[in-house]
Amino acid sequence: MKTASRILGTAFFEAGFEVQDAPRFGAERRGAPMFAYVRADRAPIHERGVIRDPDLVVVADDTLVPVAAAGVLVGVGERTVLLLHSAEGPELWRERLAVAGPVLTLPPAGEALDFVGAASAGAAARFVGVIPREGLERAIREELAEMPLALVERNVEQGLASFDAMAPHAGIVCEGRAADAADRTPPDWVELPFEAARVSAPAIHAGATSVEVRTGLWRTMRPVIDYEHCNRCSWVCSTLCPDSAIRVEADRTPRIDLEHCKGCMICAAVCPPHAIGAIPEREAAAQERGEAAPEGASR
Amino acid sequence: MSTSGETAFRRMKDLPSTHLLGGGTAMCAGCGGLQAIHEIYDVLGKKTVFVNAAGCMTLLSIYPFTPFRGSWLYTAMACAPAGAQGVRDALDILREKERIGPEEDLEVVVLTGDGAAYGMGLASTSGAIDRGLDFLYVCYDNEGYGNTGQQYSSATPHAARTATSRGAAGYPGVKKDLFAIWAANRPAYVATACPAEPVDLARKIEKAAGLEGPRLVITLAPCPTGWHFDPADSVEIGQLAVRTGVWPLKEYVDGRVVHTVRRGKRVPVEEYLKRQGRFAHLFEPVRQEELLREIQARVDAYWQAVE
Amino acid sequence: MTRTLVTGNGAAAWGARLAEADYVPAFPITPQTEIIEQIGAWIDEGAMAARMVTLESEHSMITAAGAAAATGVRVFTATSSQGLLHGMEMVYGVSGWRAPFVLVNVSRGLAAPITLEPDHNDVFAARDSGFLQLHCATCQEVVDAVLIGYRLAEDERVRLPVIVNLDGFYLSFTREPVELPAADAVRSFLPPFDPAGLGIRASQPTSQAVAVLGGTPYSYFRYQAHLAQLQALDVHAEVTAEFEQRFGRAYPALEAYRTEDAEIVFFMTGSFATKAKDAVDRLRAAGERVGLVRPRLLRPFPAARLRAVLAGVRGVAVVDQNLSLGKGGVLHAELASVLYGVPDAPAVLVSFIGGLGGRDIGAEEFYEMAAVTRRAADEGRTPEPRLLYTARELREVRKLQGIARAEHDELANEGEEARR
């Protein structure tokens, strides 16, 4: 999404706009959810930081939408356009999310993660209606200049394809207006109460609280154990999983903890009888949805 | 605790099958450093306090989440061994003055990356060795300042491309020999290890835990993000580091250095290098024969000297 | 109680001994070294049941101090000047851990140029760190402040580290009569450290000093440490009242000397304030209504008390033994910030910079500062800040510069001008 924001930012800039674009990462590393944002205006931009009331939200990974912590829908209002890379149609999403604004979809990124940035930027460029096709192409080339040429061409192709595909929606995203200072709601400031150090020091008074963090959301590929072929060696996958996400039961059967598995696929690579396969997370999730309530729905 | 020669870890099946380190940490998928810490923690147990210096693993404990079932104290980049000194001394004092019983005691473990261990923290490490501090130092060595995006550190291998050595020849320096620096000061124990060799790693942690005084285990930490390889290949990269002889597995104890794992004939270093994006410039667009020869020669010279 | 001749450094060491500190991480630096030498000697002869460890730097020393306090023992440590700055990363660090201990700082000017003599830029560099600061004017105050410091640090409403500051040379190496409290009396004032809710041990898994993500938790933790500092104002009042009851010496957060009907007041910290007291007495004898206000507590800053004491005063001569380069005296700015907009506040705060690098301040200079401040109050106009520096001093520096072959032309020109 950082790539998408930079392509869109450059395209706006070339079209004569003042621009801000920036990525935001958490403390997590590669694989963890992140977002990026772009502001564009004819006038100099004085607002800074994360956008509170977006005119357009583009979601590269639709599995993040139901995750509150990912904050995908934060600030989405009546006129916010929502674009999702998803195998499911816009009607379904509109209904599911109960949002007032337009909802559109592009095909899921799947394993084509290398192109999701260009595809997103292409669609966004069309939505805003002020970026010409050739401007988009120049922006993609400029932002991806360090990539191998073949990859750049594929990106240009993807970017322009989604630009073209969204032709019916040209101009759907129009300029937002900052809230009027006259009808404001005051912030709910509080007097921060004094609390003794036993409560207010930056200390954690319990063990292994990290299990509350569902790093399973990082996964794009899911390891699946073929128990017919698993030889119950009892240690290889479990020892070498960096995230302690494979436990071995008393009968030496390994179980993968999908809440925390980040999908690194080390287990699949090291399994002596090759009994661990990999399936795209999206497919696995869809299968689960078809069968029963989504995993973790109880949380 | 074992004495030398006796070990609970003879075979892979002896390794713990339940794991102490909690999941849900912020480390990259396929992190070799986290793999090492998770293996180490299972051997050390939760009666430990990890004293940490600024690095990737600082983000193990982000309020209110921690993967540790024991304790943790973050210091700063330069001074984790000094933090260990304070904790060790305080625990000793509490025991001597009978304010806590022996069951409350902890093994004090310094946990830092190579940036602190080889560089900024070396003075405080040196001081801790001088003072004979009873602690275990675990260095996860991912051969660069990984937490900030893999700039070169004094642990970066010759010719590796990093965020601050992007030229055709990569990093011009040579990896510092931290093992030798420690060993020269005659501490209780020094070892190198690799999470892809879990039995060897477990034995070394077991041995280190059974000794008193300054002890160091430097574990290679294959880094998918900084070294540019697929996370699934983390173990294979680690194994290749050992099999090519780039990362000798050895230990220093009682004044002697012993190599603990030898996997038959050494594989050419190239096999290790070509699997990682940080060395891709040695093969593409043209093979840099001279650099490749130089790297192989350095590894050969090491082994000729010890064999 | 015995009355005996003790240096400021000796008094600091006595503070640690009487507090029955368990642990003393150390590193030598002039003019602090005697403190750790004395403690080391006491430990060797069995007079003090503590463990002393010399670290390889102050950065490590402060880390070890904080780590041991966080583990649950009573910690004493001491440094000065460059040492405090070398450890500054961890000065901020350990206060963020909320680790309670006492650090004695023997004030000394900061390099460059290097000097051994005192001013307060070193301790003021730690002003915003979260350490409480107690500033001493006499050797007696040093030993008492260390004991009071532990009560403050370890109080569960506060739980922050404390700096006890004394001036190098003027106190550190100067003997004066000190009443050393009896050990058992101290024990009832300062019982053994009860690290309730604190500590690193097997039965009590704790992850301390962990990272946070974002401004929301960060603001909470930092502001809580600030609120704990503010709590320390009340705790200080309680603790010093108890101290006075037990030992007969009163230590209000603000020393107000002959201020009842004062028109002009000196405002300063540290040992030079006793010189100002002398000047006050002599000016009073000459019929001038002059007083002295000296904060002992610099952090937390006793703002309300200052407003009360200075209400109705016509002018304040702020004597800063420090210099914020590009701004001026630190105390001047601190005082102005709590008086601005307050009814009855003094009309003028005149800034004087004096005593940098141990430069003495003479009685006649105090008289003149009072006169300048009175004039400013009369005229209702605040003069520019004044460096206490005489023509004779400038001539001395010119001589030095001549030998150093510095700026020849300029010196020559000045010589000509002088002849003209």
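I take two residues to be in contact if their C-beta atoms, placed from the backbone, lie within 7 Å. Helices (H or I, at least four residues) and strands (E, at least two) are DSSP runs, numbered from the N terminus.

The model is predicted: local features need pLDDT of at least 70, side-chain atom pairs count only at pLDDT 80 or more, and totals for chains, interfaces and linings use all residues. Residues are numbered from 1 along each chain as its sequence is written, and chains are lettered from A and ligands numbered from 1 in the order in which they are written.

**Entry 1: a helix pair in chain C**

I looked up which residues of α10(C) meet α13(C). From α10(C) I noted C:Lys275, C:Ala276, C:Asp278, C:Ala279, C:Arg282 and C:Leu283; across from them in α13(C) are C:Ala363, C:Phe366, C:Tyr367 and C:Ala370. By class, this contact has seven nonpolar, three charged and no polar residues. Here Ala, Val, Leu, Ile, Met, Phe, Trp, Tyr, Cys and Pro count as nonpolar, Asp, Glu, Lys and Arg as charged, and the others, Gly among them, as polar.

Two packed helices are described by the angle between their axes and the distance between the axes. For α10 (residues 272-285) and α13 (residues 363-379) of chain C, I noted that the axes come within 9 Å and cross at roughly 65°. Axes are lines fitted to C-alpha atoms, for helices over the stretch in contact, with angles from 0 to 180 degrees between N-to-C directions. I recorded the crossing of α10(C) and α13(C) as right-handed (near helix turned clockwise from the far one by less than a right angle; anticlockwise would be left-handed).

**Entry 2: chain B against chain A**

I found 40 residues of chain B in contact with 38 residues of chain A. On the chain B side, α1 (32-44) and α8 (234-243) each supply at least two residues. The largest share, four residues, comes from α1(B). That side divides into 20 nonpolar, 15 polar and five charged residues.

**Entry 3: B:Arg243**

I placed B:Arg243 in helix α8 of chain B. B:Arg243 counts as buried because it has 21 C-beta neighbours inside 10 Å (buried: 20 or more other C-beta atoms within 10 Å of its own; exposed: 12 or fewer; partly exposed: in between). Leaving aside neighbours within four places in sequence, B:Arg243 is in contact with B:Arg263, B:Arg266 and B:Val267. The C-alpha atoms of B:Arg243 and B:Arg266 are 5.6 Å apart, with their positions 23 residues apart along the chain.

**Entry 4: chain A**

I noted nine helices and 10 strands in chain A. Buried residues make up 38% of its 299 residues.
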